[in-house]
Amino acid sequence: MKKLLSYSIILMTLCALVSCSNDDDNDGGNSGITAKKLLYFGGFGGTNFIYNDKGKLEKANDMTCIWTDNSVECDTERDGKFTALLSGDKILRISCESAGNPSKSLSIEYSGDRRTKMTAYDQTQTYKWDGDNITEINYSGYENIKETYTYYPDKKGNGTIDLLLMRDDILPYPFNIGIEKLIYAHSWLFGKGNKNLIKSITTQTTRGNYVKKEIVNYTYEFDTNGNPIKVYAQTDDNDLYARYTLLWEL
C-alpha cells in the first residue's frame, strides 16, 4: 500500500512538471512551433489569420495557403502567388510571381537554426549574432543599409515581433507581398528567433554620398499570458505612438 501511494505521488509530480513545461512552451515567445497562434495583426490594413486542423496557416485575408511535406504555396487574389521550399521547419528558397513582374527567387542560408544570409537577385542581407540575439543586419543592393539592435534583457523574445520590426530590410520587393503574412504566423520558418525582445534599432543608410541615420526605440504592452499585444515606436523627432497591435490565441 505504501509503495502504491509512493508511485501515485511520483506520477502526480511528473504530470505537474509536464504541465508546467507545456505552459512555458506555449507563451507566444521564442519557443518555435509550439508558440501561441497569431490571430490578428493590426498593421498595414489589418490581417486575420485562420489555421487548419494541423495548426498551419490556411488563410490570411485574401491569401490562401496549401501545404505539402516540403513546400507551402500561397496565392493572393491581387498580388499573385509564391512558393516556399521547406527543409524540415525552415524555408530554403522562395519563388515569387507577382502581378506585372517576372518570376523571382530568394534563398536563405542558415548556420544550424540561425538565419545568416538572404539573397534575392542583386540584393543581399547578412546577419551577425551575439549569443542568442541578432546584433547587426547588413543590406547591400542599390543602397547599403546597416541595422544594429539592442534588447531588453528581462523580456523574452518573440519571433513574430522580430520579423515584424525587421521587415523593411529582410524582404525586398516583391517578396514583401504575401510572404510576410506567412512568416508572421510561422516565424520559425525563418529560423531561430532572438532570445530577447528588441529594444532599439539603429539604421544607417548609405547611397553614394548620401548618409542617413535613424534610431527607433520600442516598448510593448502584453496580455495576461505575456504575449506582446501592442508595439510602440519612438524616434528622436517623434512622440511615442502605437505602431502595431496583435491578438494571440488564449
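This report walks through the overall build of one protein chain and then looks at its aromatic rings.

## The chain as a whole

Welcome to a predicted model. Its protein chain has 250 residues, and 42% of them count as buried. The secondary structure comes to 3 helices and 16 strands.

How do the contacts spread along the sequence? Taking those between residues at least 6 apart, 44% join residues that are at least 24 apart. As for the outside, the chain has an accessible surface of about 13400 Å², and carbon and sulfur atoms account for 50% of that area.

## Rings that pair up

A search of the whole structure turns up 4 aromatic pairs. One of them brings Phe41 together with Tyr244: the ring centres are 5.7 Å apart and the planes meet at 35 degrees, so the pair counts as tilted, a class that lies between under 30 degrees for stacked and over 60 for edge-to-face.

Where do the two partners sit? Phe41 belongs to strand E1 (residues 38-42) and Tyr244 to strand E16 (residues 241-248), so this pair ties together parts that are 203 residues apart in sequence. Phe41 is buried, with a relative accessible area of 3%, and Tyr244 is buried too, at 4%. Ring pairs also bring in Tyr184, giving a cluster of Phe41, Tyr184 and Tyr244.

## Lysines over rings

Two tyrosines are worth a look for another kind of neighbour. Lys90 lies over the face of Tyr110, 5.4 Å from the ring centre. Lys155 lies over the face of Tyr152, and here the distance to the ring centre is 4.5 Å.

Technical notes: Residues numbered from 1 in each chain as written. Predicted model: local features only at pLDDT ≥ 70, side-chain atom pairs only at ≥ 80, totals over all residues. Heavy atoms only, no water. Phe/Tyr/Trp six-rings, centres within 6.5 Å; stacked < 30°, edge-to-face > 60°. Helix = DSSP H or I, 4+ residues; strand = E, 2+ residues; numbered from the N terminus. Buried < 20%, exposed > 50% of the residue type's maximum accessible area, 1.4 Å probe, protein only. Lys NZ or Arg CZ within 6 Å of the ring centre and 35° of its normal. Contact = heavy atoms within 4.5 Å. Areas by Shrake-Rupley, 256 points an atom, 1.4 Å probe, with all protein chains shown as cover.
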